[in-house]
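Here are a few exercises to work through with the model open beside you. Try each task before you read its solution.

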Amino acid sequence: MRKIVFLAGVLCCVGMSLCGLWPSPGLAGTPARVVIGLNSDVRNFDPVNTLDTTTDRVITHIYEYLFVRDLEMKVTPLLAESGRPVDDLTWEIKLRKNVKFSDGEPFNAETVKANLEYIVKKENNSARRVRISPVKSATVVDEHTVRVSTEKPFPTLLEGLTEIYMAPTKAIKAGPKILTDKPIGTGPYQLKEWQRERTITLVRNEGYWGGPPRIATVEFRIIPEVTARVSALLAGEIHLTPDVPPQFMDQVAKSGTTNIRTVAGRRVIFVAFNTLKPGPLQDVRVRQAVNHAVDVQKIIRTVMEGNAKQMVGPLSVISRHLDPALKPYAADPAKAKALLHAAGYTGEPITLHTPNGRYLKDKEAAQAIADQLTQAGFTVKVQVDEWGTLLDLVKTGKVDGMYFFGRSDTTLDGSMIRDWFRTGSTWVTYSDAKVDAAIDKALPIVNPEKRRQAFHALQAQVQEQAPWLFLWTQVDVYGVHKNLEWQPRGDEQFNLKTAGWK
Amino acid sequence: MSERQPPAGSRLPGPKEAAGTAGPPPGARRLRPRLGGGAAWGIAAGLFLLAEAILAVGAPLFTGASPLTGDLEQRLLAPGTAGYLLGTDQLGRDVLARLLYGARVSLLVGVVAVVIAGGFGVCVGLITGYRGGWLDRVVSRLVDVQLSFPFMALALSIAAVLGASLTGIVVTLAISSWVLYARLVRGESLAMRQQEFVEAAHALGAPSWRILVRHVLPNVIGPAIALASLEAGRLIVAESSLSFLGYGIQPPIPAWGNMLAEGKDYMAKAWWLTVLPGLAVSLTCLSTTILGDWLTEVFDPRRRR
Amino acid sequence: MVRYLASRLALTLLTVFLALSFMFGVLHLAGDPVLLLVPVDSSAEHIERMRVQWGFADPLWVQYGRFVWRACHGDFGTSLKYNLPALSLVLERLPATALLTSVSILFAVVVGLPLGVLAAIREGRLADRLATVGSVLGQSIPSFWLGLLLILAFSVTLGLVPTGGMGTPAQLLLPGVTLGLYSLGRVTKLTRASVLEVLRADYIRTARAKGARETTVLFRHVLKNAANPIVTIIGLQMSGLIGGAIVVETIFAWPGLGRLIVQSIQFRDFPTALAAVFFTAVTVSLINLFVDLLYGLLNPRIVHE
């Protein structure tokens, strides 16, 4: 008998501690509230030391840039009023007046100077440095004018500044780490609460210089499993979610409460060849054969269910330097076979590495590609790698054969070709002296028309050299509540400043 | 291994024993064992597994389709359409073929991992139980350390190092599960060491290994096999869980686990891609569990005394 | 008693230390962590600087020594991914995991105990068969498959419960049931076996012969003796569930320790992974200790070695 009482007592204790552990309920529903489903949490709210898409998607509502891209991805001023080159190595930027941070600190030229100089200083290890690396220093001309000096000509400074947030001077001087979970920005929203891996709640900044936004509260919910996230959308628990996979699009489009909104994105997906290691891929004919052997349109139609746009050359389809006259490789297995024969390929196995879910349908696409290559006479072996393992292999150049990969066309300008193909850039497993020379000549050109022509020629040259199997630019698919007035953007930002309910 | 085991000879079931076995009590005046309850189910389960094995090994005989390549234009067909008995998957591959060839991999993983884990675990248990002393204490400590690691975390860490290959997964699963055999066998081995005839044989100069093999091993092999059967099912499910997280056997090699993982994205559109491999895993595990439970009863050490 | 406790605690410390060292070694074997933590567009220079900043450029033994020294002071470092103290990240997740684990165990016990007793009393009859089959099924179905099916059935199609997340009691329902099903199977099976065993024992027949009422017999003798293995299985399941709920947590977006462990291994977030393992090892060891003490309390006849 005693033992039963004892056991019952234990269970009671467990029960009582359960009550103590009970979490508090979430926000009650209000009309001016939007709930967004994300598949992973932000790293933190430090705008200077982090650089990843999910974090950016959230913190662009708290911090702002000097310049920002509009819906057509053109660079327009935001915290700045204008920016113009004074000479080859200097830019002058005029700033917006009467802007304050959420703690009252004024935004002015001092702020810009502090932020830029912190970021470009190597010892600070800022992840954002790579976006404005040629910048040397910034000088305060007057309270609302800054001059930025660069070490070499930097025609795309303004594009680079679309990725640099402005943090309060006080925080920069004290060390931006204090912003990690207590962000202070000039933006339309402020952080109310962050329950890691669960929710992020933002509230409207009533003193925002552009006037308070329509949506009063924004809640981000972390739901990693895609089925659960789509279910949440269909059930009305969330109102917006990015990255709806193709197989759910029908359901979301026809549900009656939600619809699908798409936009051509800036992510380029390809299969890169490692030409630094001896093997059949060092021969340009073999690489061109790969491009002819794969029917990219068919894969887009079937595996991607139409949610991709074929890449013609290396640039994203929304890049402003895309050459409309350039034609993609024709799907022609016979020609591929001929090229292989001419190159003397005798069936040595080539490995196709692919990550596992890092990119939409990467595994499936890789398997379909391998299939088509085999039919054209290649011997291909598919190998699925953990993302960390693959990154390691690519960085050290040890990856054997080819690998399914993706990059972001961040500047939407042909200069990404340098990041992706020039010898010496990180994550590049290709090297060609002639291409290097062409890149070096095109990059510093400041005149827009001459720049465009140079990049057109460069694209064609890269396409002919085929360092990649050119696949597609991803189309970003969003599932949205039908009454939410909101448009998706090519740079994956949510930009809820202008959103509202019907 | 820990102080949880009661001294040998005690008639109360130790907690770990009670947790693992379900045999009739020592004092029960039992009638002849019913063939209804335990044995019929156990034998049926065993036959089911045998049938699965035959289907798996003889896969090319039962289906002409290839599990590795498919027709992209024929993707996501429902079972029964256009000559595909169980439909096609997202790359147009025949699901029946993938299930059969996948059975090879999944069953192989389960069996090989169990054999390795069991072989190693039984040996360790035999030796440490028999020898006792510092060896026993050290190994017990290691076992406790491993047991305090959540299974999945351990499996993931090892998989991260070894990579997601067939060998890697088998080794991962084996490493994560050998302790159960060691613990099971150690108790028996320890108990046997204290038996009079063993002490006598030892005194007479019989080498330890012979005593172990001839006297101890036959007593432990039964429960070990029963445990192996239970474990096989559990490991097959574990493989599918690892695949779900992205660490299991990778495509294009078909295995039930990765078929489930790939199919889950299509659940609303193509239910057969999740339901069928899931059924295969569940039924297999069901059979091994029923078989294992029955074998446990059959080999219950208390019956034999 | 005090000596026993002290020695157990010392052993726990040793266990935890060994577990941490093992994890440290495995994580380092798994490859370069820096690449995963820096943006893909980083320059080689930036990567090298971060490597130095995070201490990965030092020789392994230096890193190990530093880790051990800091851990002894309770400092597990800063999470490489979140840039926040690793231990506080772990402690943050603890209530969620504890809640889910408790609810699952509660479900398993509240449903499993009566079911097991029922099956034992009605041994051989329909109720027994159903309960047995049910318990075996519960142990065979892969938890993530079940979870996905449940979401599809109850959340999407029927709209009865939310799909995931944490905050309202309703959100606890599906993950609790999914996770608890395996434990339910074990508890049912074990309860049935223990109750059966006691029911067949001599002293029960004596009590019955003396004319005691059936319910008295049941409650006073049967349950009291069946409590032992049940307590043990609860302990075992609890330690298994902490950190073993990874797949369920992922599907239901439950912000628990299991998911933290997986993510920190995937991202090679060393400090967080080590802090999480530390926590799990400590918790499991403490639960085991607690179960052993409880067992000893319920069974004064067992003398601890």
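A crossing of two helices is called left-handed if the near helix is turned anticlockwise from the far one by less than a right angle, and right-handed if clockwise. Keep that in mind for the first two exercises, and remember that this is a predicted model.

**Exercise 1.** Find helices α4(B) and α5(B), and describe how they pack.

*Solution.*
- Start by locating the pair: α4 of chain B covers residues 95–131, and α5 of chain B covers residues 133–147.
- Next, take the geometry: the angle is about 135°, and the axes are 7 Å apart.
- Now classify the angle: it is neither over 145 degrees nor between 65 and 115, so α4(B) is oblique to α5(B).
- Then look at the handedness: α4(B) passes α5(B) in a left-handed crossing.
- Finally, pick out the touching residues. Val124(B), Thr128(B) and Arg131(B) of α4(B) meet Gly133(B), Leu135(B), Asp136(B) and Val139(B) of α5(B).

**Exercise 2.** Do the same for α9(B) and α11(B): at what angle do they pack, and which residues make the contact?

*Solution.*
- The helices span residues 208–244 (α9) and 272–298 (α11) of chain B.
- They pack at about 165°, with axes 8 Å apart.
- Angles over 145 degrees count as roughly antiparallel, so α9(B) is roughly antiparallel to α11(B).
- Their crossing is left-handed.
- On the α9(B) side, the contact includes Ala226(B), Ser229(B), Gly233(B) and Val237(B). On the α11(B) side, Thr284(B), Cys285(B), Thr288(B) and Gly292(B) are among the residues involved.

**Exercise 3.** Turn to chain A and trace the open sheet of 4 strands: in which order do they lie?

*Solution.*
- The order is β4-β5-β7-β6 in chain A, with antiparallel pairing.
- The edges are β4 (80–87) and β6 (135–142) of chain A, each pairing on one side only.
- On average, neighbouring strands are turned by 20° against each other, direction ignored.
- Zoom in on one pair: β6(A) and β7(A), the latter at residues 145–150, are joined by 6 bridges in the antiparallel sense. Here Val135(A) stands opposite Thr150(A).
- Last, add the helix: α3 of chain A (residues 109–120) lies across β5 (90–95), β6 and β7, and runs at about 170° to β6(A).

**Exercise 4.** How compact is chain A for its length?

*Solution.*
- Take stock of the elements: chain A has 15 helices and 19 strands.
- Its radius of gyration is 25 Å, close to the 23 Å from the globule rule for 502 residues, so chain A is as compact as a globular protein of that length.
- As for burial, 50% of the 502 residues count as buried.

Definitions and conventions:
Residues are numbered from 1 along each chain as its sequence is written. Chains are lettered from A and ligands numbered from 1 in the order in which they are written. This is a predicted model: local features need pLDDT of at least 70, side-chain atom pairs count only at pLDDT 80 or more; totals for chains, interfaces and linings use all residues. Two strands pair if DSSP finds at least two bridges between them. Helices (H or I, at least four residues) and strands (E, at least two) are DSSP runs, numbered from the N terminus. Axes are lines fitted to C-alpha atoms, for helices over the stretch in contact, and angles run from 0 to 180 degrees between N-to-C directions. Two residues are in contact if their C-beta atoms, placed from the backbone, lie within 7 Å. The radius of gyration is taken over C-alpha atoms; the globule rule is 2.2 Å times the number of residues to the power 0.38. A residue is buried if 20 or more other C-beta atoms lie within 10 Å of its own, exposed if 12 or fewer, and partly exposed in between; C-beta atoms are placed from the backbone. Angles under 35 degrees count as roughly parallel, over 145 as roughly antiparallel, 65 to 115 as roughly perpendicular and the rest as oblique.
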